[in-house]
Amino acid sequence: MRITDTSDLWWKSAVIYCLSIDTFLDTDGDGSGDLAGLAHRIDYLAQLGVNCLWLQPFYPSPGRDDGYDVKDFYGVDDRLGNHGQLVEVIRTAHDRGMRVITDLIVNHTSDQHPWFVASRRSTSNPYRDFYVWRSTDPGDTSDETVFPGEEDGIWTKDDRTGEWYLHHFYSHQPDLNLANPKVMDELLRIVGFWLQLGVDGFRVDAVPFLLQNDDNTGTSTMPVDPHQVIKQMRSFLQRRKGHAMLLGEVNVPFEEQLKYFGGDVGDELHMMFDFISMQATYLALARQDPAPLVEAIQSRPEIHPTCQWATFLRNHDELTLDKLSEEERQEVFDAFGPEPEMQVYNRGLKRRLPPMLGGEPRRIRMAYSLMFSLPGTPAIYYGEEIGMGEDLEAHGRMSVRAPMQWSSGKNGGFSTAPPSKLIQRMVPDGYGPDHVNHADQEHDPESLWNFMRMLIGMRRRRPEIGWGEFSVIDVDATSVMAHRVVLPESAIVAVHNFSPDPVTVSLTKEIAPEDVITDLLDGERVVEHDGSLEVNLEGYGFRWFRMSADSQD
């Protein structure tokens, strides 16, 4: 398969880079990143090699949930810039071969959104039915809140009308009533607006929470089927821009995820994050045994050929471990977040990968090599490419949302503002800009940044990983995961050692004497063999091989 054969389904061969504009680069000295700063760094992203840019919310917002509390879906927060500057970012990204996707929040709005301001004025207001209201006391719903300890339940009484409104997230984020056709019309109009301005798709927030029925609202409101919502969005999206893509945040069991792909038809989400395999990866890392990850990957259902899994190790939220058992979760806590201040909501960690792995370079690189070699589309969070850490003193999920570290200079080169004016303080201590920054790593051939750049380039040149058929290779060492992804004329074989101890494994059964074997991580060197191949792995070692009939294809 040639790279050009995959261009219509570009998301299957993409490398996604997620960033929040306000923490990327500040050009006007107000302490907050801005669109001008992002435009200035588009060439940095192109140099790194990513080809899909995911922008977290940039809409006007009170900022009580880091922009996910939107008060104007058509606007650009004036702290960041304006529509003209956003279009300039999109155009420049396109010019450098990058697609651009943005966050689409369809579950809720800010309580400062004009719809909700109107909705709460009276029970007869035309916008009342844009949200979910009830006149009877819902009782104790504290066990249903997404943020235990921060919210008492999923209903809040509004004093003006004496009724309660639904909010599965914070009380300042009332849930939209998607059963109302007028609401759906507005959401599709929002999608069309941003497509017209040049975006190439959307990361759809909190998809499972679109479900509304008697069981989770306790009202007689018309039920909302999230699958019908997504089908409408997908149909509209592809009418307006055929190559556009929907990437869903859907943290549910695999059987339910298959439904959100659209099952055999494939008419819902194009992509979904694989939360189950991510959580299994951390359990495997904690045990130094790949078995949990192998089981998770092999449990993935077969999906429609146009659909794709998104693989990741960290994102902008807490590192959720909710799909592990209590005992398994505790294993991960003990290994990577033993202190209470490292944990959040009793279900996850508020840490980035390098500190969790003790800053051990071999182990960090092994983890990212593993992620990039797994079948699917890799997604990285800004700062991962240089090994940024977290600020454990920041509240909850904000610990991993510190400003980008460009240099060892003032404020890590992020802003010229006084430190007290920064949108969030720089990461402190051993993972701060003095120790971790792009400028120091760019010209160091042994740096993590150059390693990640190499991995990204390798992933983009190897369509087998995004398109091939996956299988696990049996090896004698329990600490080693060996797998392959196969296309008709070639295969990628990856071998990863989860243990600090060196080990040797045999791949003899997987090769034929006539195979051309290329060591992809060693300058794409052709490996001489006689039909057998013994692979020596140092502690936390890893190797990628390409096997084909022709070394030139």
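**Reading contacts and burial in a predicted model**

Colleague: Why is the pairing of Glu186 with Arg189 called a salt bridge?

Modeller: The closest N and O atoms of Glu186 and Arg189 are 3.4 Å apart, and because a salt bridge asks for a side-chain nitrogen of Lys or Arg within 4 Å of a carboxyl oxygen of Asp or Glu, the pair qualifies. The model is a predicted one, and the distance is computed from its atoms.

Colleague: Where do Glu186 and Arg189 lie relative to one another?

Modeller: Both belong to helix α5, which covers residues 181–196, and they stand three residues apart, about one turn of the helix.

Colleague: What makes Arg189 partly exposed rather than buried or exposed?

Modeller: Its relative accessible area is 47%, and because buried means under 20% and exposed over 50%, a value of 47% falls in between, so Arg189 is called partly exposed.

Colleague: How do you know that Arg525 and Asp522 form a salt bridge, and what are their accessibilities?

Modeller: The side chains of Arg525 and Asp522 meet at 3.0 Å, N to O, which is within the 4 Å limit, so the name applies here too. Arg525 has a relative accessibility of 41% and Asp522 one of 40%, so both are partly exposed, lying between the limits of 20% and 50%.

Colleague: Which parts of the chain does the salt bridge between Arg397 and Asp65 tie together?

Modeller: The two side chains meet at 2.9 Å, N to O. Arg397 sits in the loop between β14 (377–381) and α14 (438–442), and Asp65 in the loop between β2 (52–55) and α3 (83–95), so the salt bridge joins parts that are 332 residues apart in sequence. Arg397 and Asp65 are both buried, and they belong to a network of salt bridges that also links Asp66, Asp317 and Arg401.

Colleague: How many salt bridges does the whole structure hold, and how many charged side chains does the chain have?

Modeller: The search finds 30 salt bridges. The chain carries 51 positive and 87 negative side chains, and the centres of these two sets lie 5 Å apart.

Colleague: Why is the chain called as compact as a globular protein of its length?

Modeller: With 16 helices and 22 strands, the chain has a radius of gyration of 24 Å, close to the 24 Å that the globule rule gives for 553 residues, and therefore it is described in that way. Along its principal axes the C-alpha trace spans about 80 × 55 × 45 Å, and 61% of the 553 residues count as buried. Of the contacts with a separation of 6 or more, 68% come from residues 24 or more positions apart.

Colleague: What is notable about the backbone at Ala206 and at Tyr540?

Modeller: Most residues other than glycine have a negative phi. Ala206, although not a glycine, has a positive phi of about 55°, and Tyr540, also not a glycine, has a positive phi of about 55°. Ala206 is placed in the loop between β7 (201–204) and α6 (214–217), whereas Tyr540 lies in the loop between β21 (534–537) and β22 (542–548).

Colleague: Why are Ala206 and Tyr540 called buried?

Modeller: The relative accessible area of Ala206 is 3% and that of Tyr540 is 8%; because buried means under 20%, both residues meet the criterion.

Definitions and conventions:
Residues numbered from 1 in each chain as written. Predicted model: local features only at pLDDT ≥ 70, side-chain atom pairs only at ≥ 80, totals over all residues. Heavy atoms only, no water. Helix = DSSP H or I, 4+ residues; strand = E, 2+ residues; numbered from the N terminus. Buried < 20%, exposed > 50% of the residue type's maximum accessible area, 1.4 Å probe, protein only. Rg over C-alpha atoms; globule rule 2.2 N^0.38 Å. Contact = heavy atoms within 4.5 Å. Lys, Arg positive; Asp, Glu negative; His and termini not counted. Charge placed at Lys NZ, Arg CZ, Asp CG, Glu CD.
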